[in-house]
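Dear colleague,

I am handing over the structure we spoke about, and below it you will find my notes on what turned up when I went through it. Please read them with the coordinates open beside you.

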Amino acid sequence: MAQVTGRVFISLNGARIRSKEGASLEMGGIEREASISDAGVDGYMEKVTAPKVDCKISHTAQTKLITLQGFTGTLTFETDSGRVYTLTEAWCAKPPKLEKGEVTLEFMARECLEG
C-alpha cells in the first residue's frame with residue numbers, strides 16, 4: 001500500500017527548520033478564474049501566481065526572528081512520502097509573527113521545481 005504524506009521537512013539554504021504539523025505548499029503557476037457576463041460563463045482569464053510555503057515553528061531561546069525575516073535563497077519542502085519540492089530564489093514574504101510560543105512564517109519564491 002502506498003504511503004500518504006503525513007509529515008514534511010523544510011530547509012532554508014540546507015538548514016532544516018523544525019516546522020510544526022500543518023505546513024503547506026502552493027506550487028504557484030497559472031491560476032484560472034471564470035470570466036462571467038449576463039449571458040453566463042464566457043471563458044476564463046489566467047494570471048501567474050508565485051510559489052508559497054506557510055509554516056509554524058516553536059519559539060525557543062535559539063530562534064532568531066531577524067534571521068528568519070532576512071532569509072533569501074533556496075527552500076526545500078520534503079515529504080515523508082518521498083517527494084521533494086525546491087523553491088528557487090525564495091524569500092521570507094512577511095515579518096515572522098510570534099504568538100503563544102509559535103512563530104508563523106510565510107515564504108515565496110520565483111519558481112517551484114518538483115523532483
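Val8 is found in strand β1, and I begin there, with the reminder that this is a predicted model. With a relative accessible area of 18%, Val8 falls under the 20% limit and therefore counts as buried. Once its neighbours within four places in sequence are left aside, Val8 is in contact with Ser19, Ala23, Phe77, Glu78 and Thr79. Val8 and Arg83, which stand 75 residues apart in sequence, are 9.6 Å apart in space when taken from C-alpha to C-alpha.

The nonpolar interior comes next. The largest nonpolar core has 21 residues, and those that touch the most other members are Ile10, Leu12, Leu75, Phe77, Leu105 and Phe107. At least two residues of this core come from each of β1 (8-12), β6, β7, β8 and β10, and it is β8 that gives the most, with four residues. Leu75 shows what such a position looks like in detail: apart from its neighbours within four places in sequence, Leu75 is in contact with Ile10, Ser11, Leu12, Val53, Tyr85, Thr86, Leu87, Ala90 and Phe107.

Phe107 also takes part in the one aromatic pair that the structure holds. Its partner is Phe71, and the arrangement is edge-to-face, with 5.6 Å from centre to centre and 90° between the planes. The two residues are 36 apart in the chain, so that the pair links distant parts of it, Phe71 lying in the loop between α1 (65-69) and β7 (72-79) and Phe107 in strand β10. Both Phe71 and Phe107 are buried.

As for charged side chains, those of opposite charge can pair when their charged atoms come close. In this model the count comes to 12 salt bridges, and I would draw your attention to those made by Glu106. Glu106 forms a salt bridge with Lys52, in which the closest N and O atoms are 3.8 Å apart. That pair links distant parts of the chain, with Glu106 in strand β10 (residues 102-108) and Lys52 in strand β6 (residues 52-58), 54 residues apart. Glu106 forms a salt bridge with Lys94 as well, and here the closest N and O atoms are 3.5 Å apart. This pair, too, links distant parts of the chain, since Lys94 sits in the loop between β8 (84-92) and β9 (97-99), 12 residues from Glu106 in strand β10. Which of the terms buried, partly exposed or exposed applies to Glu106? Glu106 has a relative accessible area of 12%, under the 20% limit, and so it is buried, whereas Lys94, with a relative accessible area of 48%, is partly exposed.

A further salt bridge joins the side chains of Glu111 and Arg110, at 3.2 Å from N to O. Glu111 has a relative accessible area of 28% and is partly exposed, and Arg110 likewise counts as partly exposed, at 49% relative accessibility. Elsewhere, Lys52, Asp54, Lys94 and Glu106 are joined into one network by salt bridges that share partners.

With best regards

Terms used. Residues are numbered from 1 along each chain as its sequence is written. This is a predicted model: local features need pLDDT of at least 70, side-chain atom pairs count only at pLDDT 80 or more; totals for chains, interfaces and linings use all residues. Side-chain values use heavy atoms; hydrogens and water are left out. A salt bridge is a side-chain nitrogen of Lys or Arg within 4 Å of a carboxyl oxygen of Asp or Glu. Buried means under 20% relative accessible area, exposed over 50%, partly exposed in between (1.4 Å probe, protein chains only). Rings of Phe, Tyr and Trp (its six-membered ring) pair if their centres lie within 6.5 Å; planes under 30 degrees apart count as stacked, over 60 as edge-to-face and the rest as tilted. A nonpolar core is a set of buried Ala, Val, Leu, Ile, Met, Phe, Trp, Tyr and Cys residues joined through side-chain atoms within 4.5 Å. Contact means heavy atoms within 4.5 Å.
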